[in-house]
Structure formats: C-alpha cells, structure tokens
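Here is a model to go through together. Let's take it question by question.

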Amino acid sequence: MKVAPLCTKCGSKPSVYFRPYSGERLCPGCFAASIRERVERTISRFRMFEFDSRIAVGVSGGKDSLSLLHLLVEIEEQFPKAEVIAVSIDEGVRGYRDEALRLAGEACRSLGVEWRTLSFADLFGLTMDEITGRRGELTPCSYCGVLRRRALNQAARDVEADRLATAHNLDDMAQTALLNLMRGDLRRLAGMHPAGSDLPGFVRRVKPFCEVPERESTLYAYLRGIEFQSRPCPYAETAMRTDIRRFLNRMEVKRPGIKFIIYRAALEIIPRISVGGAEPSGRCRICGEPTRGDVCRVCQLVGELSKEAEGEQPS
Ligand SMILES: [Zn+2]
Ligand SMILES: [Zn+2]
C-alpha cells in the first residue's frame, strides 16, 4: 500500500494537501494552523481591526463565510474587548438561500454568536425571485450585488458594528482585479482594497480571507467539519467573471502562484489610482444614503423594478 508522504512542517504526520505555490505538504493540523496564521497576518498587516472592534461578519452560509466566522470567533478569544456578530442577508431565493440560512443559523448557535438577518423583502419590498421574474435591464447578479451591498451595510449598522468583514478569498480578489481592468473600471479597482476605508455612512469593509485561495478555504471547511451550502445560486449567470475564473484556474495550474501575483499587483496599483470624486459627497433624496448623484443606485433600480410591476397590473 502506498503511504502518503509526511507533512513537511511537523515531519511526523501523513500529509493530505500539497500546496503547489510553496511546495509544502501538510497534515490536517498543520494545514489548519497555516490558514489561521495567514489570516492573522493579513489582519495585522492591514490593521483591519482594533482591540475593541465590534465586527459584523457577513455570513451567506457558503464555505468561505462559515470558515471565516469560525476563524474570527477563535481569533477574537484573544481579544476580550472585541466582539463578533454574524449578519446574513436573505435575498429571497426560494430553495437556495433558505437552505444556506439554516446552515448559517446552526453555525451561529453552535458557536454562541449573535446572529442578525435582514431580507430584501423587508428592506426593498422585493425578493430576488420577484426581481428575476420582472426581467429588468440588468442581470440578476447585478441587481443582487447592488442590493446586497446596501443590505449588508444596513445590517452592520443595525448591530452597531464598526467593521464589516466579508469572506472574499484570493480567487475573488484576483478575479475582481482582472474584471475591473478589463472593464476599464478604475474606480471599482480602487475600491477593492482588502482593508477598506472609512467613508461617512458606511461601516468599514475588511476582507481577512483575501490571501486564502478558494481551494484552501474549501479544504479548511471540510477538515473542520463545517457544514456549508455548496450548490451555486440558481440565478448565477455565466458572465465575464465565470470566464475569468476558468482562465485563472487554468493559469494557476500552469504557473502556481499567479493569483497571488495578480492580487499583489492590484495592491500596488490601487494607491496610484486617482479617481476624482470617488467618495459619495451627497445624500440620496429618496432614502438619505450617501451617493454621488441625486438618487442612489439602489433607489434607481428599485424604482424601475417597481414601475415595471405597476405597469403589469391590470387597470
Ligand atoms: Zn504536520
Ligand atoms: Zn436612495
């Protein structure tokens, strides 16, 4: 019988994972420890939290967010004045999000973490099931992205958090960097920094998983026995991001470490981008949230969708 090579870190246990970009072979214990160390390093390098931060963690019920929640709860134990609260958004996708929310709720109960959910229905009067039924001009993911961003910020404010931690991993970061370059959207590129920034009306967003490759986040969840939603959203479109994901995964096999290279290059570029008027200076005249224009993007989208619904009704 073939025996697995020993872990290159502890030298005593059989390895379960080969890390192509570093050449390490790791046993389950050393692998989990390496992820925790990396996340701790990321947090301190970017000064993501204060010793007494009230941290809202965006928990979707997927592998990344549940792994992040477990890790932050563990790390927070060393900081008695810090707090972790889970916030989840119910976009209203029947048969998908309800299942993920059940898993998120169970994780919070077992970890003893306060859990707050906020729904699109309560906040915008619309569910994603209704929005996709109305066939607006945008793709479902575009509507969902704009609305979820607002909802997460609202949820973080509701629990009086001073940080909003989201579980974007290295793959997400590299994809977003390329996507924004390919769209020529420098404003968005500048906004993807993992340490976020303090803007009036927004809870500062931080991304402690930004240096954890997706494969490793998945393995971490499996090794820790975390139960997560693994099905993709039924509305996930095969858009540009999917092409970039496939391209990056192919490149990563040929040239291990290329996702790190793209991510680091983006971090180098971001401070050199000058985006005039990047900060929202005014307030939306409908909802009062920060915006660059007269009416914010959320109110524009919700307004259009509601108008369309009125038009559908028999007079
Ligand atoms: Zn080991
Ligand atoms: Zn508004």
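The questions below start with the whole chain and then turn to two residues; the model is predicted.

Me: How many helices and strands does the protein have?
Reply: Happy to start there, keeping in mind that this is a predicted model. The secondary structure comes to 12 helices and nine strands.

Me: What is the radius of gyration of the protein, and how does that fit a globular protein of 315 residues?
Reply: The globule rule gives 20 Å for 315 residues. The protein's own value is close to that, so the protein is as compact as a globular protein of that length, with a radius of gyration of 20 Å.

Me: Is His168 buried or exposed?
Reply: His168 sits in the loop between β6 (163–165) and α7 (170–182). A residue needs 20 or more C-beta neighbours within 10 Å to be buried. His168 has 23 of them inside 10 Å, so this residue counts as buried.

Me: How far apart in space are His168 and Lys207?
Reply: Lys207 is among the residues that His168 touches, along with Met173, Phe209 and Cys210. In sequence, His168 and Lys207 are 39 residues apart. From C-alpha to C-alpha, their separation in space is 6.0 Å.

Me: What does Cys287 count as, by its C-beta neighbours?
Reply: Cys287 lies in the loop between β8 (282–283) and β9 (290–291). Buried takes 20 or more neighbours and exposed 12 or fewer. Cys287 has 15 inside 10 Å, so the residue counts as partly exposed.

Me: Which residues does Cys287 touch, leaving out those up to four places away in sequence?
Reply: One of them is Val298, 11 residues away in sequence and 9.1 Å away from C-alpha to C-alpha. The full list is Cys296, Val298 and Cys299.

Conventions: Residues numbered from 1 in each chain as written. Chains lettered and ligands numbered in written order. Predicted model: local features only at pLDDT ≥ 70, side-chain atom pairs only at ≥ 80, totals over all residues. Helix = DSSP H or I, 4+ residues; strand = E, 2+ residues; numbered from the N terminus. Contact = placed C-beta atoms within 7 Å. Rg over C-alpha atoms; globule rule 2.2 N^0.38 Å.
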